[in-house]
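Grab a pencil and open the viewer. Below you'll find a few exercises, each with a solution worked through in steps.

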Amino acid sequence: MTQTLTILGLESSCDDTAAAVVRQTGDTPAEVLSSVVFGQTELHSAYGGVVPEIAARAHAEKLDICVIEALKEAGVTLKDLDAVAVTAGPGLIGGVMSGVMCAKGIAAATGLPLIGVNHLAGHALTPRLTDGIAFPYLMLLVSGGHCQYLIVRGPEDFTRLGGTIDDAPGEAFDKTARLLGLPQPGGPSVQAEAENGDPKRFRFPRPLLDRPDCNLSFSGLKTALMRMRDQIVAEKGGLTRQDRADLCAGFQAAVVDTLAEKTRRALRLYLDENPASPTVAVAGGVAANTAIRAALLDVCAEAGAEFTAPPLRLCTDNAAMIAYAGLERFRSGARDGLDLTARPRWPLDQSSPALLGSGKKGAKA
């Protein structure tokens, strides 16, 4: 008998409060019955970035409302669910705790199984939700807090080929926006300015291209932009609108070139394994950048690999990806108890050494 699974997902790892319901019958494509996201942009706009305490309080206030709306939009009740999945890390610990406690409350009250999900796994498995691609595939997870190349072999089987050793691309975009007086989130703002700029006017470094591995670095790129800005201000007494557009275009071009070259290297390592259907997927908030997508599409075409990217609404943080990742874990027999803990750090590849160092709470990434 073909099994139908209906999963409620909760996501609260950063500044988006989200709930969603996903359903799948057997091996047929999964269906997103609902996806509700409450953003917090206005709450943090005066601070130039996400304030963890404000984010955590907003999650606690909105999660139950989000769940009610997601169930209503999906046309289901708690009795129709097979499990509740929740982001258990990594992320801002206050937000992660808010989601975990809400999910525990639902599980305890209804008797539903509880499934803890790695937020990064949610992004990494999104192409299976949207396009049903087969394992193994190469994933570029590129977001505000993370950037990794992963070979995805299963719902809980990830091999990291490389990643950022400092700032993630999304973080670099946000910092660039702040340096140039652009609104947050920085990614869309910088991209919009870059469309009217000359990417060749200012030459920015392409970090770590002199090294043969797949690791990335964007902190120095942001510093180079700051110095170029200061030089222009010293010479001219300020920035013109065209100066700002050209700085954004040059910065974005450097990010695009770096990601394109590092993707070529990761793709060669992936193709050495002779996958039956070579596929490269990109997910995470920065995957919404059209210039980055276009460059990755060209890289895949050169290598004869398929390229896929989720719809923009599923690239940024959402609960549909958490519900689906939870569904994959649930189907494989995974269950978590009410002692599930929130984790600020939780690497997907547990066997590789940490890129960003370790502390008492474990490896960052």
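The exercises that follow go through a predicted model, one region at a time.

**Exercise 1. A helix with two sides**

Find which residues of helix α7 are buried, and work out how they are arranged around the axis.

*Solution.*

Step 1: Locate the helix. α7 covers residues 219-236, which makes 18 residues. From first C-alpha to last it reaches 26 Å, close to the 26 Å expected at 1.5 Å a residue.

Step 2: List what is hidden. The buried residues of α7 are Leu-221, Lys-222, Ala-224, Leu-225, Met-228, Arg-229 and Ile-232. They cover an arc of only 155° around the axis, so they sit on the same side of α7.

Step 3: Recall how a helix turns. An α-helix has 3.6 residues a turn, so residues three or four places apart point the same way.

Step 4: Turn the helix over. Arg-227 and Ala-234 are exposed on the other side of α7.

Step 5: See what the buried residues press on. They pack against α5 (169-179) and α8 (241-271).

Step 6: Look just past the end of α7. There, Gly-237 has a positive phi of about 85°.

**Exercise 2. Now try α9**

Repeat the analysis for α9, and find out which residue caps its N-terminal end.

*Solution.*

Step 1: Start with the length. α9 (290-303) has 14 residues and reaches 20 Å from its first C-alpha to its last, close to the 20 Å expected at 1.5 Å a residue.

Step 2: Pick out the buried residues. In α9 these are Ile-292, Arg-293, Ala-295, Leu-296, Val-299 and Cys-300. Seen down the axis they fall within an arc of 165°, so they line one face of the helix.

Step 3: Check the face turned away from that buried side. You'll find the exposed residues Ala-301 and Glu-302 on it.

Step 4: Identify the packing partners. The buried residues of α9 pack against β6 (137-142), α8, β9 and β10 (306-308).

Step 5: Inspect the two ends. Asn-289 is the N-terminal cap, with a side-chain oxygen 3.0 Å from the backbone nitrogen of Ala-291. After α9 comes Gly-304, with a positive phi near 75°.

**Exercise 3. A loop residue tucked away**

Decide whether Ala-287 is buried or exposed, and name the residues it contacts beyond its sequence neighbours.

*Solution.*

Step 1: Place the residue. Ala-287 is in the loop between β9 (279-283) and α9.

Step 2: Apply the cut-off. Buried means under 20% relative accessible area. Ala-287 has 0%, so it is buried.

Step 3: List the contacts. Setting aside neighbours within four places in sequence, Ala-287 touches Val-142, Val-282, Arg-293 and Cys-315.

Step 4: Compare sequence with space. Ala-287 and Leu-141 are 146 residues apart in sequence, but their C-alpha atoms are 8.1 Å apart.

**Exercise 4. A hairpin and a serine**

Describe how β2 and β3 pair, then find the side chain that Ser-13 meets in a polar contact.

*Solution.*

Step 1: Take the strands. β2 (residues 16-25) and β3 (residues 31-39) run antiparallel and share 8 bridges. One bridge links Ala-19 with Val-36 in β3.

Step 2: Look at the turn. The two strands make a hairpin with 5 residues between them, and Gly-26 in the turn has a positive phi of about 55°.

Step 3: Step back to the loop between β1 (4-11) and β2, where Ser-13 lies. Ser-13 counts as buried because its relative accessibility is 4%.

Step 4: Find its partner. The side chains of Ser-13 and His-119 are joined by a polar contact of 3.3 Å.

**Exercise 5. Unusual backbone spots**

Find two cis peptide bonds, and two residues other than glycine with a positive phi.

*Solution.*

Step 1: Check the prolines. The bond from Phe-135 to Pro-136 is cis, with omega near -10°. The bond from Gln-184 to Pro-185 is cis too, with omega near 0°.

Step 2: Check phi. Leu-208 has a positive phi of about 65°, and Asn-274 has one near 50°.

Step 3: Place these two. Leu-208 is in the loop between α6 and α7, whereas Asn-274 is in the loop between α8 and β9.

Step 4: Compare their surroundings. Leu-208 is buried because its relative accessible area is 11%. Asn-274 counts as exposed, at 65% relative accessibility.

Methods. Residues are numbered from 1 along each chain as its sequence is written. This is a predicted model: local features need pLDDT of at least 70, side-chain atom pairs count only at pLDDT 80 or more; totals for chains, interfaces and linings use all residues. Side-chain values use heavy atoms; hydrogens and water are left out. Helices (H or I, at least four residues) and strands (E, at least two) are DSSP runs, numbered from the N terminus. The expected span of a helix is 1.5 Å times one less than its number of residues. Buried means under 20% relative accessible area, exposed over 50%, partly exposed in between (1.4 Å probe, protein chains only). The arc is that of the directions from the helix axis to the C-beta atoms. Contact means heavy atoms within 4.5 Å. Two strands pair if DSSP finds at least two bridges between them. A polar contact is a pair of N or O atoms within 3.5 Å; within protein, one must be able to donate a hydrogen and the other to accept it, and residues adjacent in sequence count only if both atoms are side-chain atoms.
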